[in-house]
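Trainee: Could you walk me through this one before I set anything up?
Mentor: Gladly, let us have it on screen and go through it piece by piece.

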Amino acid sequence: MTEITKVDTESTNQDQAISVWQRPVFGENSLVQDLLGKFQKLEVSENSVSLHNKQLLDIRVFAKTAEAIDNDKFGNQEFLLFVKIKYMLLKGVNEYAGLYESMTLLRVAIEAKESFFAIAQTELRFRGSKQQQFYRFVEQLLVDHANHTSFRQNIQVQLSEMIPQVKTEEGKKALNSYIKHLEKVSERELGLKLLSLFKNYQLADYSILQVIADMIQSLDKKDIRDFKSLLSLVMANYNVFQQIRKIIDLPDYRNTPETYALMIQYLALSHKHGLVYLKFDKLVRVLRKWFKPYQAAMAIRQEYPPKEYHQPKEFTEPIPGVEVYEKYKKWLTDKKSGMTYIDFGE
């Protein structure tokens, strides 16, 4: 830096210092006005206020719906256990890893047990050549059918060709009933797969499904959280579970009493709390819709902190629905792992 530049800089600094001390304390261009300007809060933009208020309108609508759906039954400890197990089963985590398909097959088998039994009884009682020909056609179709619709279409075509050839009215009625139960089974996802598996493993004793169904129903008035009692129940009926193991495609390493106890627990909880869960699922779907405008409104509020901005009154209003959201987030979050057992849209 040259000597001339140094002199100029020093001169400028001295002039600025003199100028500051010469400024009035109050009034225009005063020191007080300058200080107030530095600490004066800014205004939130009109666009941001408008957007925030639009989100708040949506929040109020969804919050009102959520509060109307909310139910004391959702706080039942057994019900909350059911929600947690359902999550772990779907995600395949912890002790439920790899159990989803087997659990689903067992559930569908129990639901379709009456149709399975009726199909088996018809095949045992009506053994005419035409009937047996039809049964073989069905078995082959179970292997080759493309989908449920094609299965139903094919058996109807075959039935229309076969019925005139059956001599007795009783035989005709039996075939029609047989078709009705086949169609009923095909309405359930995995139903036809199960029927095929039962036939492949030559397990015609569908009564084992009734035994398991009775077991599940017997738990309706008991504490289903008591895993030791469930384990004892499984051990007392272990031969039944061994028979069903291949049908539900349970891996060898999961072929244990503990696994069957987990399955019975889930199915018993589903039987007991399934209807309540349908209502809870509605609440979750509403909270997911609520969560998006909630996030947007909170983001706007955080963008304009009260220390720096004049907050409009809408920014200080409590957000409706937070209490419901926080309640279930708290109940359905594991304190140790931090795992949340329900996805509200975070």
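**A buried glutamine and its surroundings**

Mentor: Leaving aside residues up to four places away in sequence, Gln-265 touches Leu-81, Ile-85, Tyr-96, Ile-224, Arg-225, Phe-227 and Leu-230. Please keep in mind throughout that this is a predicted model.

Trainee: Which helix does Gln-265 lie in? And is Gln-265 buried or exposed?
Mentor: Gln-265 is part of helix α14, and because its relative accessibility is 5%, under the 20% cut-off, Gln-265 counts as buried.

Trainee: OK, and what about Gln-158, where does that one lie?
Mentor: Gln-158 belongs to helix α8, which covers residues 148-162, and with a relative accessible area of 14% Gln-158 is buried. Residues up to four places away in sequence again not being counted, Gln-158 touches Gln-133, Phe-134 and Phe-137.

Trainee: Let's switch to helix packing. At what angle do α7 and α9 cross?
Mentor: The axes of helix α7, residues 129-144, and helix α9, residues 169-187, cross at roughly 10° and come within 12 Å. Angles under 35 degrees count as roughly parallel, and α7 and α9 are therefore roughly parallel to each other.

Trainee: Which residues make that contact?
Mentor: On the α7 side they are Gln-131, Phe-134, Tyr-135 and Val-138, while α9 contributes Gly-171, Leu-175, Tyr-178, Ile-179 and Leu-182. Sorted by class, the contact of α7 with α9 has 7 nonpolar and 2 polar residues, and no charged ones. You may recognise Phe-134 of α7, since Phe-134 is also among the residues that Gln-158 touches.

Trainee: Back to α14 then. How does α11 pack with α14?
Mentor: Helix α11, residues 207-218, packs with α14 at an angle of about 65°, and their axes are 9 Å apart. The crossing in which α11 passes α14 is right-handed. From α11 the contact involves Ile-212, Ile-216 and Gln-217, and from α14 it involves Ile-264, Leu-267, Ala-268 and His-271. By class, this contact of α11 with α14 has 5 nonpolar and 2 polar residues, again with no charged ones.

Trainee: What about the largest nonpolar core, which members touch the most others?
Mentor: That core has 93 residues, and those touching the most other members are Phe-116, Leu-182, Ile-212, Ile-244, Phe-280 and Trp-290. Helix α14, residues 257-303, gives the most to this core, namely 20 residues. Two of the residues just named have come up already, with Leu-182 in the contact of α7 with α9 and Ile-212 in the contact of α11 with α14.

Trainee: And what does Ile-244 touch?
Mentor: Not counting residues up to four places away in sequence, Ile-244 touches Leu-106, Phe-198, Ile-208, Leu-209 and Ile-212. There is also a second, separate core of 6 residues, including Val-44, Val-49, Ile-300 and Tyr-309.

Trainee: Last topic, backbone. Which residues other than glycine have a positive phi?
Mentor: Two that I would point out are Asn-94, whose phi is near 55°, and Leu-190, with a phi of about 75°.

Trainee: Where do they lie?
Mentor: Asn-94 lies in the loop between α4 (77-91) and α5 (100-111), and with a relative accessible area of 48% Asn-94 is partly exposed. Leu-190 lies in the loop between α9 and α10 (191-200), and Leu-190 is partly exposed as well, with a relative accessible area of 22%.

Definitions and conventions
Residues numbered from 1 in each chain as written. Predicted model: local features only at pLDDT ≥ 70, side-chain atom pairs only at ≥ 80, totals over all residues. Heavy atoms only, no water. Axes fitted to C-alpha atoms, helices over the stretch in contact; angles between N-to-C directions. Helix = DSSP H or I, 4+ residues; strand = E, 2+ residues; numbered from the N terminus. Parallel < 35°, antiparallel > 145°, perpendicular 65-115°, else oblique. Contact = heavy atoms within 4.5 Å. Nonpolar A, V, L, I, M, F, W, Y, C, P; charged D, E, K, R; others polar. Core = buried A, V, L, I, M, F, W, Y, C linked by side-chain atoms within 4.5 Å. Buried < 20%, exposed > 50% of the residue type's maximum accessible area, 1.4 Å probe, protein only. Left-handed = near helix turned anticlockwise from the far one by under 90°.
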